[in-house]
Amino acid sequence: MDELADDTAVIVSELVANAVQHARRESIRITIERPGAALVRIGVVNFSRVRPKRREPGPGDVNGRGLALVDELAQDWGTELLPWGKRVWAELHGKDVG
């Protein structure tokens with residue numbers, strides 16, 4: 001699944017940056033799972049229950065492009081509310097092994 005390494009690194013970076021900037025809590029958790037031969041699922045968990053919102057930044061804006069980038073690189077992404085916070089996740093599909 002080497003072909004997913006760069007996109008995975010960008011997605012993790014964006015989701016962690018969002019958690020640090022917006023959740024403003026002392027800890028986050030990163031999970032990377034491989035539920036299928038050609039599927040990687042990334043999760044960033046934090047204690048905030050506020051769902052992230054994709055923004056449409058203007059040309060001069062410095063911030064606001066992270067979720068658009070995640071949306072472009074991942075096959076799917078979303079938010080899962082937890083009793084004590086949330087998990088923002090993204091899935092990437094690699095080449096089928098077989």
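This is a guided tour of a predicted model, moving from the sheet to the helix and then to individual side chains.

**The sheet as a whole**

Begin by selecting the strands, which form an open sheet of 4 strands in the order E1-E2-E4-E3, with antiparallel pairing. Strand E1, residues 29–36, and strand E3, residues 76–82, stand at the edges with a single partner strand each, so one side of each is left without a neighbour in the sheet. If you look along the sheet from one strand to the next, the twist averages 20°. As background to the pairings visited below, strands of a sheet pair through backbone hydrogen bonds, either parallel or antiparallel.

**From E1 to E2**

Select E1 together with strand E2, residues 39–46, and you will have an antiparallel pair joined by 6 bridges. The two strands form a hairpin with 2 residues between them, and a good place to see the pairing is Gly-36, which stands opposite Leu-39 in E2. Further along the pair, Glu-33 stands opposite Arg-41 in E2; keep Arg-41 displayed, since the tour returns to this residue.

**From E2 to E4, and on to E3**

Now add strand E4, residues 85–93, which pairs with E2 in the antiparallel sense over 8 bridges. Within this pairing, the bridge partner of Val-45 is Arg-87 in E4. Colouring E4 by accessibility shows a strand that is mostly covered, with 8 of its 9 residues buried.

Extend the selection to E3, which runs antiparallel to E4 and is joined to it by 7 bridges. A hairpin through 2 residues connects E3 to E4, and Leu-81 can be found opposite Lys-86 in E4.

**Two salt bridges**

How many salt bridges should you expect to find when the charged side chains are displayed? The count comes to 2, and both can be visited from the strands already selected.

For one of them, go back to Arg-41 and show Glu-91 as well: their side chains meet in a salt bridge, with an N to O distance of 3.1 Å. Arg-41 lies in strand E2 and Glu-91 in strand E4, so the pair ties together parts that are 50 residues apart in sequence. At 17% relative accessibility, Glu-91 counts as buried.

For the other, select Glu-80 and Arg-87, whose side chains also meet in a salt bridge at 3.1 Å, N to O. Is each partner buried or partly exposed? Glu-80 counts as partly exposed at 31% relative accessibility, whereas Arg-87, with a relative accessible area of 18%, is buried, because the cut-off for buried is under 20%.

Stay with Arg-87, which is found in strand E4, and expand the selection to the residues it touches. Leaving out residues up to four places away in sequence, Arg-87 touches Arg-29, Gly-43, Val-44, Val-45, Gly-78, Thr-79, Glu-80 and Leu-82. This list includes Val-45, its bridge partner, and Glu-80, its salt-bridge partner.

**The helix across the sheet**

Next display helix H1, residues 5–23, which lies across E1, E2 and E4 and runs at about 15° to E2. A useful residue to centre on is Val-12, which lies in this helix and is buried, with a relative accessible area of 17%. Which residues does Val-12 contact, leaving aside its neighbours within four places in sequence? The contacts are Ile-30, Ile-32 and Ile-42. To relate the helix to E4 by a distance, draw a line between the C-alpha atoms of Val-12 and Trp-89, which are 77 residues apart along the chain and separated by 9.4 Å.

**A nonpolar patch on the surface**

For the last stop, switch to a surface view and select Val-20, Ile-28, Ile-30 and Ile-32, which make a nonpolar surface patch of about 350 Å². Two members of this patch, Ile-30 and Ile-32, were met above as contacts of Val-12. Ile-28 lies in the loop between H1 and E1, and at a relative accessible area of 32% this residue is partly exposed.

Conventions
Residues are numbered from 1 along each chain as its sequence is written. This is a predicted model: local features need pLDDT of at least 70, side-chain atom pairs count only at pLDDT 80 or more; totals for chains, interfaces and linings use all residues. Side-chain values use heavy atoms; hydrogens and water are left out. Two strands pair if DSSP finds at least two bridges between them. Axes are lines fitted to C-alpha atoms, for helices over the stretch in contact, and angles run from 0 to 180 degrees between N-to-C directions. Contact means heavy atoms within 4.5 Å. Patches are made of residues with over 30% relative accessible area and no salt bridge: like charges are joined within 9 Å, nonpolar side chains (Val, Leu, Ile, Met, Phe, Trp, Tyr) within 5 Å. Accessible areas come from the Shrake-Rupley method with a 1.4 Å probe; for residues, only the protein chains shown count as cover. A salt bridge is a side-chain nitrogen of Lys or Arg within 4 Å of a carboxyl oxygen of Asp or Glu. Buried means under 20% relative accessible area, exposed over 50%, partly exposed in between (1.4 Å probe, protein chains only).
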